[in-house]
Amino acid sequence: MVVAAPSSNAGKTSIATGLIAALTARGLTVSPHKVGPDYIDPGYHGLAAGRPGRNLDPWLVGEERIAPLFLRGAVHPQPADVAVVEGVMGLFDGAAHPSVEPGYASTAHVARLLRAPVVLVVDAASQAHSVAALVHGFATFDPSVRLGGVVLNRVGTDRHETILREALGAAGVPVLGAVRRDDRLHTPSRHLGLVPAAERSAAAVDTVRRLGEVVAGSVDLAAVLALARTAPPLDAAAWNPTVEVPPVAGRPRIAVAGGPAFTFGYAENTELLEAAGAEVVTVDPLRDETLPEGTAGLVVGGGFPEVHAADLSANGALRADVAALAARGAPIAAECAGLLYLARELDGVPMCGVLDVATAMGGRLTLGYRAAVAAGDSVLAAAGTRVRGHEFHRTTAEPGAGPAPAWHWAPAGAEGFVRGGVHASYLHLNWAGSPSLAGRFVTACATADRSEHARAHR
């Protein structure tokens, strides 16, 4: 089922996470998914389900891959009993980009592609009988989207719940649950949204547990499961990374940054690296003082290095190791937080110094989908390669592009940096939308690894 809402901030993340936790506590295997590019909500979903939360974003991967990627999550690492897909923004709100029609990449778009029923989470805090008009509008606006039930959120009292249920009785949409206001269930936020589950550890586990308990006590889980069972079979095969990229000989070791400072990453990226023949290992730039032995390439994805800048800077040994890796031409792919880590400085404290760039927190949020073209050849993409990605940051980089930029897109023009084996940019990518990126990067790592071995044995 798809969990949607009329707008942002209605509580759909809390309800979706609570549903996943409650169903998992019942002994069911739940496959968690998130519409859109967001990294943080899937972290909470994964914590609740005990398996990776996966994104479903037609802009990033193409609408033809939505059902296959959904099925990949539903069967891997083992088949699930039920899938919960959390929406993004309001039900019909999609990509704001001139190249696509309104509603593209919206929750409704994904629900249609999955042929899945929708559960609408309604913030009832300031509503009474008007809730019926709201739900009626969402149920009838697009006949191709099947609204299967409503969960009322932030209900005040027993009397309030009775009024809401009576009002919805005539709307023809079942009320699946009513969740009372509970400020204890809020998850801490910061400048880019919720604090990632990976950073909160025990606190995140406790929040997810309480969400599951509240939903189990407030929502008719049997009715939710019955609704989910009405989703028809999908005429698609599960996405298989080994079909997308040919394996490269040599099995190069690729380190991927992890830990609290680098929590943003799509599961498919790592799966494609492995399918292309790489051995993927994790390095935590906050704690590990050296790269894993034999590292042939490095991937540094997104996260919140600005929150951990002092500690990242204090780990001078690893910064020096990363700089040495770059100096010998090894492939390094860095996006957003990775760009900040490779820079000369972040908020005035030293970073790796691989790029002569000063980065800092700013006051303006840069957010949006991007249609980008590779500005030149790099370890990640051949010149002219077209990709779709997204930006999501409050930091600035000076300069914003190097002599050899990573990408071009309108209206920004040149963006990012290509220098030797380094490809660094603010652009976030799901490589499932462009699998050749993974194959090209692993090939570059294998080539660099062979060259390094040859130098070592001269």
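This section describes a strand arrangement, a salt bridge and the enclosed and open spaces of one structure. The model examined here is a predicted one.

An open sheet is built from seven strands, which follow the order 3-2-4-1-5-6-7 with parallel pairing. The edges are occupied by strand 3 (54–56) and strand 7 (175–180); each has a single partner strand, so one side of each is left without a neighbour in the sheet. From one strand to the next, the twist averages 25 degrees. Within this sheet, strand 2 (residues 30–35) is joined to strand 4 (residues 82–86) by five bridges in the parallel sense. Ser31 has Ala83 of strand 4 opposite. At the other end of the strand order given above, helix 7 (residues 158–169) lies across strand 6 (147–155) and strand 7. The direction of helix 7 makes an angle of about 155 degrees with that of strand 7.

The structure contains 18 salt bridges. One of them is formed by Arg54 and Glu271, whose closest N and O atoms are 2.6 Å apart. Because Arg54 belongs to strand 3 and Glu271 to helix 12, this pair ties together parts separated by 217 residues in sequence. Strand 3, an edge strand of the sheet, is thus one of the two elements in this link, helix 12 being the other.

Helix 12 also features in the description of the pockets. The second largest pocket has a volume of about 950 Å³. Its lining comprises 47 residues, of which Thr263, Phe264, Gly265, Tyr266 and Ala267 are the closest to the centre. Helix 12 (residues 267–275) supplies the largest share of this lining, namely six residues. By residue class, the lining of the second largest pocket consists of 27 nonpolar, 15 polar and five charged residues.

Empty space left among atoms is revealed by rolling over them a probe the size of a water molecule. Two cavities of 30 Å³ or more are present in the structure. The second largest cavity encloses about 40 Å³ of space. Its lining is made up of Ala257, Val283, Pro285, Leu291, Leu298, Val300, Leu318, Val322 and Tyr341. Two or more residues of this lining are given by strand 12 (295–300) and by helix 14 (316–327). The lining of the second largest cavity comprises nine nonpolar residues, with no polar and no charged ones. In the second largest pocket, by contrast, 15 polar and five charged residues take part in the lining.

Technical notes:
Residues numbered from 1 in each chain as written. Predicted model: local features only at pLDDT ≥ 70, side-chain atom pairs only at ≥ 80, totals over all residues. Heavy atoms only, no water. Pairing = 2+ DSSP bridges. Helix = DSSP H or I, 4+ residues; strand = E, 2+ residues; numbered from the N terminus. Axes fitted to C-alpha atoms, helices over the stretch in contact; angles between N-to-C directions. Contact = heavy atoms within 4.5 Å. 1 Å grid on protein atoms, 1.4 Å probe; cavity = no way out; pocket = protein on both sides within 12 Å on 5 of 7 lines; lining within 4 Å. Points joined across faces, edges and corners; volume = space filled by probe spheres on them. Nonpolar A, V, L, I, M, F, W, Y, C, P; charged D, E, K, R; others polar. Salt bridge = Lys/Arg side-chain N within 4 Å of Asp/Glu carboxyl O.
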